[in-house]
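Hi,

Here is the structure I said I would pass on. Have a look at it first, and my notes follow underneath.

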Amino acid sequence: MATTEPRWLDDGQQKTWRAYMAASQLLSDHIDRQLQRDAGMPHTYYSLLVWLSESPERRMRMTDLAERSKITRSRLSHAVGRLEHNGWVRREDCPTDRRGQMAVLTEEGFAALAAAAPGHVEAVRCALFDRLSDEQVCQLGEIMRTVAEGLAPYGGADLPWRR
C-alpha cells in the first residue's frame with residue numbers, strides 16, 4: 001500500500017500558524033483573567049449570559065445555547081449549573097418538547113452581565129481592536145468567518161454541541 005507524504009506547512013504558513021496560536025492563547029487568557037478578576041466569572045460564563053440577554057424573553061433552549069456557544073452539552077450543563085448557583089440563570093422545562101430544557105437569564109444575571117460588560121469591552125478593545133486598522137479588522141472578520149464555516153459543515157456529527 002502506498003503512503004502519502006504529509007502536506008507540510010511551508011515557512012510562511014508555519015510562522016502564520018505559530019503567530020495565530022500564540023495570539024489566540026494570549027488573547028483568551030487575557031480576556032478570561034480580566035473577567036475573573038473584575039466580574040468573578042470566566043469568559044465562557046460571560047458569553048452564555050450575553051447569548052441569553054440577546055435572545056427573545058432572555059431564554060434559549062439548552063441545545064441551541066450549546067450550539068451558539070460552540071461547547072459540548074456536558075460543559076454547558078456544568079456551566080449553567082454554576083450560573084444557577086449564582087442566581088444568574090434558571091432552567092425551565094421546554095414548552096414544546098418535554099425532553100428539552102430552557103436556560104433563562106434572571107434579573108440578577110442581567111445585572112451581573114451589565115456590570116461586567118464595560119470592563120470586558122475595554123479589555124477586548126485594548127487587546128485586539130486598538131491594535132488593528134479598520135481594514136485589518138475587516139480582513140480578520142472575513143478570515144475568521146471563512147475558518148469557522150469550514151469547520152462547521154452542515155450535518156457534521158463531531159461538532160462540540162452534538163457531543
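A word on terms before the pockets: a pocket here is an open set of grid points where a 1.4 Å probe fits, with protein on both sides within 12 Å along at least five of seven lines, and its volume is the space filled by probe spheres set on those points. Rolling a probe the size of a water molecule over the atoms shows where empty space is left. Please keep in mind that this is a predicted model.

First, the annotation. The UniProt record, an unreviewed entry, puts "domain: HTH marR-type" at residues 13-149. That stretch is 70% helix and 9% strand, and its end C-alpha atoms sit 20 Å apart.

Now the pockets. The largest pocket comes out at about 1800 Å³. Its lining has 39 residues, and the ones nearest the centre are Tyr20, Ser24, Leu27, His43 and Met144. Which elements supply at least two residues each to that lining? They are helix H1 (11-39), helix H2 (43-53), helix H3 (62-69), H5 and helix H6 (134-151). Sorted by class, the lining holds 25 nonpolar, nine polar and five charged residues.

The second largest pocket has about 180 Å³ of space. Its lining is made up of Leu9, Gln13, Thr16, Trp17, Ala19, Tyr20, Met144 and Val147. H1 and H6 are the elements that give two or more residues to this lining, and H1 has the largest share, with five. By class you get six nonpolar residues, two polar ones and no charged ones. Tyr20 and Met144 are worth a click: they are among the residues nearest the centre of the largest pocket, and they also line the second largest one.

Next, a residue I kept coming back to: arginine 58. You will find arginine 58 in the loop between H2 and strand S1 (59-61). Its phi is near 55°, a positive value in a residue other than glycine. Most residues other than glycine have a negative phi. The charged end of arginine 58 sits over the ring of phenylalanine 110, 3.7 Å from the ring centre. Is arginine 58 buried, partly exposed or exposed? Arginine 58 counts as partly exposed because its relative accessibility is 22%, and the partly exposed class starts where buried ends, at 20%.

Lysine 70 also has a positive phi, about 60°, without being a glycine. Lysine 70 belongs to the loop between H3 and helix H4 (73-85). With a relative accessibility of 49%, lysine 70 is partly exposed too; exposed would need over 50%.

Two more residues to look at. Methionine 102 lies in strand S3 (residues 101-105). Methionine 102 is at 11% relative accessibility, so it counts as buried. Its C-alpha is 10.0 Å from that of valine 89, with their positions 13 residues apart in the chain numbering. Alanine 117 is in helix H5 (residues 107-127) and is partly exposed, since its relative accessible area is 25%. From alanine 117 to aspartate 64 is 53 residues in sequence and 23 Å in space, C-alpha to C-alpha.

Last, the aromatic rings: the count comes to one aromatic pair.

Cheers

Definitions and conventions: Residues are numbered from 1 along each chain as its sequence is written. This is a predicted model: local features need pLDDT of at least 70, side-chain atom pairs count only at pLDDT 80 or more; totals for chains, interfaces and linings use all residues. Side-chain values use heavy atoms; hydrogens and water are left out. Rings of Phe, Tyr and Trp (its six-membered ring) pair if their centres lie within 6.5 Å; planes under 30 degrees apart count as stacked, over 60 as edge-to-face and the rest as tilted. A charge sits over a ring if NZ of Lys or CZ of Arg is within 6 Å of the ring centre and within 35 degrees of the ring normal. UniProt positions are given in the numbering used here, feature names are shortened, and annotations may be inferred rather than shown by experiment. Helices (H or I, at least four residues) and strands (E, at least two) are DSSP runs, numbered from the N terminus. Buried means under 20% relative accessible area, exposed over 50%, partly exposed in between (1.4 Å probe, protein chains only). On a 1 Å grid over the protein atoms alone, a cavity is a set of points where a 1.4 Å probe fits but cannot get out, and a pocket is an open set with protein on both sides within 12 Å along at least five of seven lines; lining residues have an atom within 4 Å of a point. Ala, Val, Leu, Ile, Met, Phe, Trp, Tyr, Cys and Pro count as nonpolar, Asp, Glu, Lys and Arg as charged, and the others, Gly among them, as polar.
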